[in-house]
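Colleague: I am new to reading structures, and I would love a close look at a single part of this one. Could you take one helix and walk me through its surroundings?

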Amino acid sequence: MHIKTHLARLASRGTLSRAHTEEAFEAIMTGQATPAQIASLLSMIQIRHATRDEIVGAATVMRRHVVKVTPPAGVRIVDTCGTGGTHSTTFNISTAAALVAAAAAKGKGMAVAKHGNRSVTSRSGSSEVLERLGLKLRVTSETLTRCLDEAGFCFCFAPAHHPAMKFAGPVRADLGFRTLFNLLGPLTNPAGALRQVMGVYDPTLTEIIADVLRELGSDHAMIVHGHLTLTPSPGQVGLGEITTTGPTRASHLHRGEIRTFDVDARELGLAAVDVREISVDDSDASAQRVREVLAGEPGPSRDIVCLNAAAALVVGDVATDLAHGLTLARAAIDDGRAAAVLEKVVAITQADPTPQS
């Protein structure tokens, strides 16, 4: 079936089945769709918001074309990648949390394969901050497997793992607004993560994405959107994290069941903060903040990192609940294990001979 047939259906206010979405996105990923067709499809879906079947179908195709990373045998892989799109001013919370969770889980059957890209709407993307912390971004899949095995953490740089995106990437940039692809990145982890903490830009998405992940075969996941009840920065619409700036809406997928609830960090003994206390101006400042957290500096930055690391430990079946996860995360920072994970991954990636481009 030609992509024009699917475009006609969308133009008549219809939706696409999972199979028809797979056909349309296969055409996009293999260069059979023109830029105009790609832009039309993405725009029409975005105007009315993607259905579960459309998200599942598109993610299935992206997973089919991903350059994979082989995880160590018997290790549960967790991701902390979010959708972005919140115009966040905060430092890279999920990246720091991934390092802390990896340290706390080392030797307990869990590792973190952090999927990420360069920033589009935030002040610092995960790749920028990790680059400033010393990681080499473009490395072989074998090097990433070694990172998972020896350090319990690797960073999967999206452009290196999704070559088929070369056809849609320029169109996304020209459109300049969020599209279905914002949701797909966190759903297409190169290491095949079946467990994740995924931040979303809209609180109404938490249950939808939890349902999508259930359909895609995820074992354990938490989809979150943090609210700002104190002073938000201009244009910021929330946080793709479990936050200390207000309540967090969370949809928890576990054993095939989805439960949605609010997380109040104060009930876990964490102080409520103004978002400006965890904000930075750029990637350099974010990297410095991450270093401070890993070095054990107390305060709101450490608190929110530990909270999100706790969630990663819960979905990785290392912690029984967020309170237990907080205890494990704090210990991993205080005894130097979290800083050691970063040091180890920097050393392994810098030894990889792959040229950077």
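Modeller: Happily; here is a walk around one helix and then outward from there. Please keep in mind that this is a predicted model.

Let us start with helix α15, which covers residues 337-350. A good first check is its length. With 14 residues at 1.5 Å a residue, α15 should span 20 Å, and its end C-alpha atoms are indeed 20 Å apart, so the expectation and the model agree.

Next, which residues of α15 are buried? They are Ala338, Val341, Leu342, Val345, Val346, Ile348 and Thr349. Look at the spacing of those numbers as you turn the model. An α-helix has 3.6 residues a turn, so residues three or four places apart point the same way.

What covers these buried residues of α15? The cover includes the helices α5 (93-105), α7 (141-151), α12 (283-294) and α14 (322-334), together with the strand β3 (153-157).

One residue lets you see this packing in detail: Leu135. Beyond its neighbours within four places in sequence, Leu135 is in contact with Leu342, Val345, Val346, Thr349 and Gln350, and also with Leu130, Phe153 and Phe155. Leu342, Val345, Val346 and Thr349 are among the buried residues of α15 that we listed. Leu135 also belongs to the largest nonpolar core, which has 78 residues. Together with Phe91, Val100, Met110, Phe153, Met222 and Leu313, Leu135 touches the most other members of that core. Apart from this core lies another, of 42 residues, among them Ile55, Ala58, Phe181 and Tyr201.

Now go to the start of α15. Arg337 forms a salt bridge with Asp335, and their closest N and O atoms are 2.7 Å apart. Both partners are partly exposed: Arg337 has a relative accessibility of 32%, and Asp335 has 48%.

It helps to set a second salt bridge beside that one. Arg195 pairs with Asp317, again with the closest N and O atoms 2.7 Å apart. This pair links distant parts of the chain, 122 residues apart: Arg195 sits in strand β4 (residues 195-199), while Asp317 sits in the loop between α13 (300-315) and α14. Is Arg195 buried or exposed? Its relative accessibility is 11%, so Arg195 counts as buried, the limit being under 20%. Asp317, at 40%, is partly exposed. In total, the model has 18 salt bridges.

From that loop you can step back into α13, where you will find Cys306. Cys306 is buried, with a relative accessible area of 1%. Leaving aside neighbours within four places in sequence, Cys306 is in contact with Leu326, Ala329, Arg330 and Ile333. Cys306 and Thr327 lie 21 residues apart in sequence, yet their C-alpha atoms are 8.5 Å apart in space.

Our last stop is Ser279, in the loop between β7 (257-263) and α12, and α12 is one of the elements covering α15. Ser279 is buried at 16% relative accessibility. How does its side chain find polar partners? The side chains of Ser279 and Thr89 are joined by a polar contact of 2.8 Å, and the side chain of Ser279 also reaches the backbone oxygen of Val275 at 2.7 Å. Not counting residues up to four places away in sequence, Ser279 touches Thr89, Thr90 and Arg289.

Notes:
Residues numbered from 1 in each chain as written. Predicted model: local features only at pLDDT ≥ 70, side-chain atom pairs only at ≥ 80, totals over all residues. Heavy atoms only, no water. Helix = DSSP H or I, 4+ residues; strand = E, 2+ residues; numbered from the N terminus. Expected span 1.5 Å × (residues − 1). Buried < 20%, exposed > 50% of the residue type's maximum accessible area, 1.4 Å probe, protein only. Contact = heavy atoms within 4.5 Å. Core = buried A, V, L, I, M, F, W, Y, C linked by side-chain atoms within 4.5 Å. Salt bridge = Lys/Arg side-chain N within 4 Å of Asp/Glu carboxyl O. Polar contact = N/O pair within 3.5 Å; in protein donor to acceptor, adjacent residues only side chain to side chain.
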